[in-house]
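Here's a friendly walk through a structure you may not have met before. Have a look at it first, and then we'll go through some of its details one by one.

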Amino acid sequence: MRSIRLFLALFIAVVIAFGGGSAVASFQSSKTWFDHLSMEDRLLLQGKLVLLGLYSGLIDGEFGAGTFRALETFQKQEFAFSDGVLTPSQSDLLDKQAAAVFGALGMTDIFESEAGVDIVVPKALLTRDIKTRFGKRFTSPDGSLSMETMRRALPGAGFSAAYASAKAPRPGLVVKYSTYTENRFVISGLENGSFFYLMTYNTGDTSVGYRVTWTNQLDKVGPVVATFAASTFSPSHSRETSPVAAGATETPTTPAQPEPAIYSGSGFFFAPSGMLVTNAHVVNSCATIEVPGYGEATVLKADKEIDLAALQLKSGRSPAWATIRESAPVLGEDVIMLGYPLADLLNSSLNVGTGIVSAETMASGVRGWFTTNTGIQPGNSGGPILDGSGLVVGVAVAKVNDKTLIAEAGTVAPNVGFAISSRVLLDFLSIFQHGAEPGGQKDKQLHSTKDLVSVARRYTVQIICRQ
């Protein structure tokens, strides 16, 4: 109960208005500004507005009255005018406020195996979980907030019958909003004095969804949890793999032992508060995540499409942290890779590889990746790749699958590996704007590899995933 109250105090302090502007906002100018943002930036912007309780629509990158009102309200709360177009300083403030709420909630992207769904759970509040008949229920200690996943066989009359049953009149139920399509339905309202939000998908033979329930005392927190989950929820049948886990490449994770399943990868700190980054495939479906020497960590955010994940150490402290370069890697520039490859063979010791940016793209066309000959091996996944000034220019992610090449081309491609560009990394970490440190070239003087490694080894870590 105390943790719920502490969070409520922080949430209200961040969200409640302190003043209002009198200027009339222009819907069209706001739309023009919004539409000129990249799709990723539009999605991030709406997500931040959801976290601040200003936007209750889906995070879809589409501009409408809801997005406009949210931008206008944010400006009225904090500034003397509101035109729906954020200045750089306004965007920075939005980033910081959203990051504070995101961290306080402990938003964690998990694969819930009972119902077979991917969902974001506010683990800082929902500290207890229990298996149910149809999935799993996550609850706060006092029961004032809960999130329940569910997968049920569809009745004989199909998905429409499941919708009719969910909203059928019964004692204590008050439906305030509902919408139905052949693929999904949403119902929200009151039941037995508590608010609820239910979203359910049609997967053909089953209905798969989640329900968030909250009491009146959490009337500002519950809608945020429900809406944020709505835009990140994904029905799934099994553990997903990285976009390059098959075919011409292989994702370099290293099985340490068969029972129980243990995998290792690499990562690095990017903020002083114990936040670090790695590949999404390194921590996918982990029961526990350990950073040797620093303790356990949890997933704050993961994106399987670009294969990045942000983690938080439970201890909340970083010995050192990297600075990330804003500019893209350049063809032919010297780079240094750090990580923990082949942990079962190399005794979990830090390894260093040197090479160049051998191509500014990747053959399969995965967005934001580049090719390097630094010798990426299984276990290097998630490790930093540095430029000559010690700035992170990429994140190691995969190597060429030699078996596939031999079968298809009769040859191998030694030391051909792939990395995620620092520009993609900064976009991914933008919600943690207060933590991630971008930087241009520090200077034109090249430091020795030995000097750069002596600094980078303090923020480069091994990551152990136990399933």
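## A serine in a loop

Let's start with Ser-381, which sits in the loop between β21 (369-372) and β22 (384-386). Before going further, keep in mind that this is a predicted model. Is Ser-381 buried or exposed? With a relative accessible area of 0%, Ser-381 is buried. A polar atom of its side chain is 3.4 Å from the backbone oxygen of Val-397.

## Helix α2 and what covers it

Now turn to helix α2, which spans residues 27-35. Which of its residues are buried? They are Ser-30, Trp-33 and Phe-34. These three share the same side of α2, because the arc they cover around the axis is only 100°. A bit of helix geometry is handy here: an α-helix has 3.6 residues a turn, so residues three or four places apart point the same way.

What lies over those buried residues of α2? The cover includes α3 (39-51) and α4 (65-78).

## Arg-42, a buried charge

Helix α3 is home to Arg-42. This arginine is buried, yet it has no salt bridge. The nearest side chain of opposite charge belongs to Asp-35, and it is 4.6 Å away. A salt bridge needs a nitrogen and a carboxyl oxygen within 4 Å, so that pair doesn't qualify.

What does the side chain of Arg-42 reach instead? It gets to the backbone oxygen of Leu-37, at 3.2 Å. Setting aside neighbours within four places in sequence, Arg-42 is in contact with Phe-34, Asp-35, Leu-37 and Gly-61. Phe-34 has already come up as one of the buried residues of α2.

## Helix α5 from end to end

Next up is helix α5, residues 88-105. How many residues does α5 have? There are 18, and the helix reaches 26 Å from its first C-alpha to its last. That is close to the 26 Å expected at 1.5 Å a residue.

The buried residues of α5 include Gln-90, Leu-94, Asp-95 and Gln-97. Further along, Ala-98, Ala-99, Val-101, Phe-102 and Leu-105 are buried too. Right after the helix comes Gly-106, with a positive phi near 65°.

## A network of salt bridges

How many salt bridges does a search of the whole structure find? The count is 13. One of them joins Arg-170 and Glu-191, whose closest N and O atoms are 3.1 Å apart. This pair links distant parts of the chain: Arg-170 is in the loop between α6 (159-166) and β6 (173-180), while Glu-191 is in strand β7 (residues 184-191), 21 residues apart. Arg-170 counts as partly exposed because its relative accessibility is 32%. Glu-191, at 16%, counts as buried.

Glu-191 also forms a salt bridge with Arg-211, at 2.7 Å from N to O. Here again distant parts of the chain are linked, with Glu-191 in strand β7 and Arg-211 in strand β9 (residues 206-214), 20 residues apart. Put together, Arg-170, Glu-191 and Arg-211 are linked in a network of salt bridges.

## A buried pair

Another salt bridge brings together the side chains of Glu-333 and Arg-325, 2.9 Å apart from N to O. Are these two buried or exposed? Glu-333 is buried, given its relative accessible area of 16%. Arg-325 is buried as well, with a value of 1%.

## Loops worth a look

Two residues other than glycine have a positive phi and make good stops on the tour. Asn-192 has a phi near 55°, and it lies in the loop between β7 and β8 (194-202). At a relative accessible area of 62%, Asn-192 is exposed. Ser-285 has a phi near 65° and is found in the loop between α8 (280-283) and β15 (288-291). Its relative accessibility is 25%, so Ser-285 counts as partly exposed.

Last comes Ala-271, in the loop between β13 (262-269) and β14 (275-278). At 0% relative accessibility, Ala-271 counts as buried. How far apart are Ala-271 and Tyr-459, in sequence and in space? They are 188 residues apart in sequence and 9.8 Å apart in space, C-alpha to C-alpha.

Conventions. Residues numbered from 1 in each chain as written. Predicted model: local features only at pLDDT ≥ 70, side-chain atom pairs only at ≥ 80, totals over all residues. Heavy atoms only, no water. Buried < 20%, exposed > 50% of the residue type's maximum accessible area, 1.4 Å probe, protein only. Helix = DSSP H or I, 4+ residues; strand = E, 2+ residues; numbered from the N terminus. Arc of directions from axis to C-beta. Contact = heavy atoms within 4.5 Å. Lys, Arg positive; Asp, Glu negative; His and termini not counted. Polar contact = N/O pair within 3.5 Å; in protein donor to acceptor, adjacent residues only side chain to side chain. Expected span 1.5 Å × (residues − 1).
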